[in-house]
Amino acid sequence: MTTVAQSQPMTDTETTIARLTRWLRQRPNSIEFWELVITDERVVWCYVGQSYRSMLLRADMGERDRAIVDDSKLDELEELAKENFAVPLEALESIRLVEGTRFRRAKLELEWRDDTDSRYNGQMTLVSTSDADSQRDIVASLEEEPRLEHVDIEFDTRRWPFF
(Lines give C-alpha, C1' and ligand atoms only; values in the text may rest on other atoms or scores of the structure.)
Protein backbone atom coordinates (compact mmCIF):
# COMPACT_ATOMS: atom_id res chain seq x y z
CA MET A 1 0.00 0.00 0.00
CA THR A 2 1.34 3.42 -0.93
CA THR A 3 1.05 6.25 1.51
CA VAL A 4 2.40 9.75 1.73
CA ALA A 5 5.67 9.60 3.55
CA GLN A 6 5.67 11.50 6.78
CA SER A 7 8.55 13.93 7.08
CA GLN A 8 10.96 11.76 9.01
CA PRO A 9 14.60 12.63 9.48
CA MET A 10 16.61 9.95 7.72
CA THR A 11 19.95 11.67 8.19
CA ASP A 12 21.12 14.67 10.17
CA THR A 13 20.50 17.08 7.31
CA GLU A 14 17.94 15.54 4.96
CA THR A 15 14.24 14.75 5.40
CA THR A 16 12.01 12.56 3.22
CA ILE A 17 9.04 14.42 1.77
CA ALA A 18 7.52 11.65 -0.39
CA ARG A 19 8.21 8.33 -2.05
CA LEU A 20 6.82 7.45 -5.46
CA THR A 21 6.88 3.70 -5.80
CA ARG A 22 6.31 0.99 -8.40
CA TRP A 23 7.23 2.85 -11.58
CA LEU A 24 8.85 1.50 -14.71
CA ARG A 25 10.70 2.88 -17.69
CA GLN A 26 10.12 1.14 -20.99
CA ARG A 27 13.23 0.48 -23.04
CA PRO A 28 13.41 -1.13 -26.50
CA ASN A 29 14.35 -4.58 -25.14
CA SER A 30 13.63 -4.35 -21.44
CA ILE A 31 11.63 -2.72 -18.67
CA GLU A 32 13.50 -0.92 -15.86
CA PHE A 33 11.88 -0.59 -12.44
CA TRP A 34 12.36 2.66 -10.50
CA GLU A 35 11.51 4.16 -7.12
CA LEU A 36 11.68 7.91 -6.53
CA VAL A 37 12.52 9.36 -3.15
CA ILE A 38 11.85 13.08 -2.79
CA THR A 39 13.63 14.82 0.05
CA ASP A 40 13.85 18.43 1.14
CA GLU A 41 17.10 18.69 -0.86
CA ARG A 42 16.83 16.43 -3.93
CA VAL A 43 14.98 13.79 -5.92
CA VAL A 44 16.72 10.41 -5.89
CA TRP A 45 15.98 7.94 -8.69
CA CYS A 46 16.56 4.41 -7.40
CA TYR A 47 16.92 1.65 -9.96
CA VAL A 48 15.43 -1.53 -8.50
CA GLY A 49 15.62 -4.06 -11.31
CA GLN A 50 14.98 -4.99 -14.89
CA SER A 51 12.82 -7.39 -16.81
CA TYR A 52 13.02 -8.36 -20.46
CA ARG A 53 10.30 -7.71 -23.01
CA SER A 54 9.85 -11.40 -23.79
CA MET A 55 6.52 -12.59 -22.46
CA LEU A 56 8.26 -15.56 -20.84
CA LEU A 57 10.70 -13.37 -18.94
CA ARG A 58 8.47 -10.38 -18.10
CA ALA A 59 8.10 -10.04 -14.35
CA ASP A 60 8.50 -7.32 -11.74
CA MET A 61 12.05 -7.93 -10.59
CA GLY A 62 12.08 -4.97 -8.22
CA GLU A 63 10.60 -6.38 -5.00
CA ARG A 64 13.89 -7.33 -3.35
CA ASP A 65 15.56 -4.02 -4.22
CA ARG A 66 12.48 -2.00 -3.18
CA ALA A 67 12.93 -3.50 0.28
CA ILE A 68 16.60 -2.47 0.22
CA VAL A 69 15.58 1.10 -0.68
CA ASP A 70 13.08 1.02 2.22
CA ASP A 71 15.79 -0.03 4.67
CA SER A 72 18.51 2.34 3.44
CA LYS A 73 19.43 5.77 4.72
CA LEU A 74 19.04 8.68 2.35
CA ASP A 75 22.77 9.23 2.07
CA GLU A 76 23.17 5.61 0.89
CA LEU A 77 20.54 5.61 -1.87
CA GLU A 78 22.72 6.82 -4.74
CA GLU A 79 25.29 4.12 -3.99
CA LEU A 80 22.83 1.19 -4.09
CA ALA A 81 23.09 0.81 -7.89
CA LYS A 82 25.25 2.36 -10.58
CA GLU A 83 22.09 3.53 -12.38
CA ASN A 84 20.90 5.57 -9.37
CA PHE A 85 21.17 9.34 -9.58
CA ALA A 86 19.89 12.46 -7.86
CA VAL A 87 18.75 15.88 -8.97
CA PRO A 88 18.78 18.86 -6.59
CA LEU A 89 15.31 20.29 -5.91
CA GLU A 90 16.47 23.65 -7.31
CA ALA A 91 16.97 21.99 -10.72
CA LEU A 92 13.56 20.27 -10.77
CA GLU A 93 11.22 22.08 -13.18
CA SER A 94 8.07 20.00 -13.52
CA ILE A 95 6.19 16.92 -12.36
CA ARG A 96 3.24 15.77 -14.44
CA LEU A 97 0.99 12.86 -13.49
CA VAL A 98 -1.25 11.48 -16.23
CA GLU A 99 -3.87 9.41 -14.46
CA GLY A 100 -4.45 5.86 -15.59
CA THR A 101 -7.63 4.33 -16.89
CA ARG A 102 -8.99 0.83 -17.03
CA PHE A 103 -6.88 0.07 -20.10
CA ARG A 104 -3.94 2.47 -19.77
CA ARG A 105 -1.47 2.83 -16.95
CA ALA A 106 -0.65 6.11 -15.25
CA LYS A 107 2.39 8.07 -16.45
CA LEU A 108 4.74 10.21 -14.41
CA GLU A 109 6.82 12.76 -16.30
CA LEU A 110 9.62 14.71 -14.63
CA GLU A 111 11.78 17.44 -16.11
CA TRP A 112 14.80 19.10 -14.60
CA ARG A 113 17.51 21.54 -15.60
CA ASP A 114 20.42 19.38 -16.60
CA ASP A 115 23.68 21.28 -16.15
CA THR A 116 25.71 18.14 -16.79
CA ASP A 117 25.82 15.79 -19.75
CA SER A 118 23.26 13.39 -18.27
CA ARG A 119 22.12 10.18 -19.94
CA TYR A 120 18.49 11.30 -19.50
CA ASN A 121 18.81 14.85 -20.93
CA GLY A 122 16.84 16.39 -18.09
CA GLN A 123 13.68 14.36 -18.42
CA MET A 124 12.25 10.96 -17.67
CA THR A 125 8.83 9.40 -18.29
CA LEU A 126 7.79 6.52 -16.08
CA VAL A 127 4.73 4.28 -16.30
CA SER A 128 3.05 2.70 -13.28
CA THR A 129 3.41 -1.02 -12.79
CA SER A 130 0.29 -3.17 -12.90
CA ASP A 131 0.17 -3.49 -9.11
CA ALA A 132 0.86 0.19 -8.31
CA ASP A 133 -1.63 2.17 -6.27
CA SER A 134 -2.79 5.56 -7.45
CA GLN A 135 -0.26 8.10 -6.28
CA ARG A 136 -2.31 11.19 -7.06
CA ASP A 137 -2.52 12.12 -3.37
CA ILE A 138 1.25 11.91 -3.00
CA VAL A 139 1.88 14.11 -6.04
CA ALA A 140 -0.86 16.52 -4.90
CA SER A 141 0.80 16.85 -1.50
CA LEU A 142 3.94 18.07 -3.26
CA GLU A 143 2.05 21.20 -4.36
CA GLU A 144 1.93 22.26 -0.71
CA GLU A 145 5.65 21.75 -0.13
CA PRO A 146 7.38 25.17 0.16
CA ARG A 147 10.64 23.86 -1.30
CA LEU A 148 8.81 22.89 -4.48
CA GLU A 149 7.13 26.28 -5.11
CA HIS A 150 9.17 26.72 -8.28
CA VAL A 151 8.12 23.32 -9.68
CA ASP A 152 5.20 23.13 -12.10
CA ILE A 153 3.07 20.25 -10.78
CA GLU A 154 0.30 19.13 -13.14
CA PHE A 155 -2.39 16.48 -13.29
CA ASP A 156 -3.92 15.25 -16.51
CA THR A 157 -6.89 13.00 -16.93
CA ARG A 158 -7.09 11.10 -20.17
CA ARG A 159 -9.82 12.27 -22.51
CA TRP A 160 -11.80 9.06 -22.10
CA PRO A 161 -11.24 8.17 -18.43
CA PHE A 162 -13.10 4.86 -18.64
CA PHE A 163 -10.95 3.52 -21.46
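Two strands count as paired here when DSSP finds at least two bridges between them. With that in hand, here are some close-ups of this predicted model.

**View 1. The whole sheet, eight strands and open.** Going across, the strand order is β4-β3-β2-β1-β7-β6-β5-β8, and the pairing is mixed. At the edges stand β4 and β8 (152-156); each has a single partner strand, so one side of each is left without a neighbour in the sheet. Ignoring direction, neighbouring strands are turned by 25° against each other on average. Helix α1 (residues 63-71) packs on this sheet and touches β1 (16-26), β2 and β3. The direction of α1 makes about 160° with that of β1.

**View 2. β2 with β1 on one flank and β3 on the other.** The sheet order puts β2 between β3 and β1. β1 and β2 run antiparallel and are joined by eight bridges, with a hairpin of three residues linking the two. Look for Q26, whose bridge partner in β2 is I31. On the other flank, β2 (residues 30-39) and β3 are also antiparallel, over nine bridges, and this hairpin has two residues between its strands. Two spots to pick out here are L36, bridged to W45 in β3, and E32, which stands opposite Q50 in β3.

**View 3. Which way do the side chains of β2 point, and are they buried or exposed?** S30, E32, W34, L36 and I38 go one way, while I31, F33, E35, V37 and T39 go the other. Both sets are buried, which fits the tally for the strand: 10 of its 10 residues are buried. Note that E32 and E35 are among them, one on each side.

**View 4. β3, wedged between β2 and β4.** Nine of the 11 residues of β3 (residues 42-52) are buried, so the strand is largely enclosed by the rest of the structure. β3 also pairs with β4 (residues 85-88), antiparallel, through four bridges. W45 is a handy landmark: it has L36 as bridge partner and stands opposite F85 in β4.

**View 5. The aromatic cluster.** How many aromatic pairs does the structure hold? There are seven. W34 and Y47 make one that is edge-to-face, with 5.5 Å from centre to centre and 75° between the planes; an angle over 60 degrees is what earns that label. This pair links distant parts of the chain, as W34 sits in β2 and Y47 in β3, 13 residues apart. Both W34 and Y47 are buried. F85 and W112 form another pair, this one tilted, at 5.9 Å centre to centre and 45° between the planes. F85 belongs to β4 and W112 to β6 (residues 107-112), so the pair ties together parts 27 residues apart in sequence. F85 and W112 are buried too. Zoom out a little and W34, W45, Y47, F85, W112 and Y120 form one aromatic cluster.

**View 6. An arginine over a phenylalanine ring.** R136 has its charged end sitting over the ring of F155, 4.2 Å from the ring centre. F155 falls within β8, which is one of the edge strands.

**View 7. I95 and its surroundings.** I95 is part of β5 (residues 92-98). Its relative accessibility is 1%, so I95 counts as buried; the cut-off is under 20%. What does I95 contact, once its neighbours within four places in sequence are left aside? The answer is L108, E109, L110, V139, L142, V151, D152, I153 and E154. Among these, L108, E109 and L110 lie in the stretch given for β6, and D152, I153 and E154 in that of β8. That agrees with the sheet order, where β5 sits between β6 and β8. For a longer reach, take E143: it is 48 residues from I95 in sequence, and the two C-alpha atoms are 10.0 Å apart in space.

Terms used. Residues numbered from 1 in each chain as written. Predicted model: local features only at pLDDT ≥ 70, side-chain atom pairs only at ≥ 80, totals over all residues. Heavy atoms only, no water. Buried < 20%, exposed > 50% of the residue type's maximum accessible area, 1.4 Å probe, protein only. Phe/Tyr/Trp six-rings, centres within 6.5 Å; stacked < 30°, edge-to-face > 60°. Lys NZ or Arg CZ within 6 Å of the ring centre and 35° of its normal. Axes fitted to C-alpha atoms, helices over the stretch in contact; angles between N-to-C directions. Contact = heavy atoms within 4.5 Å.
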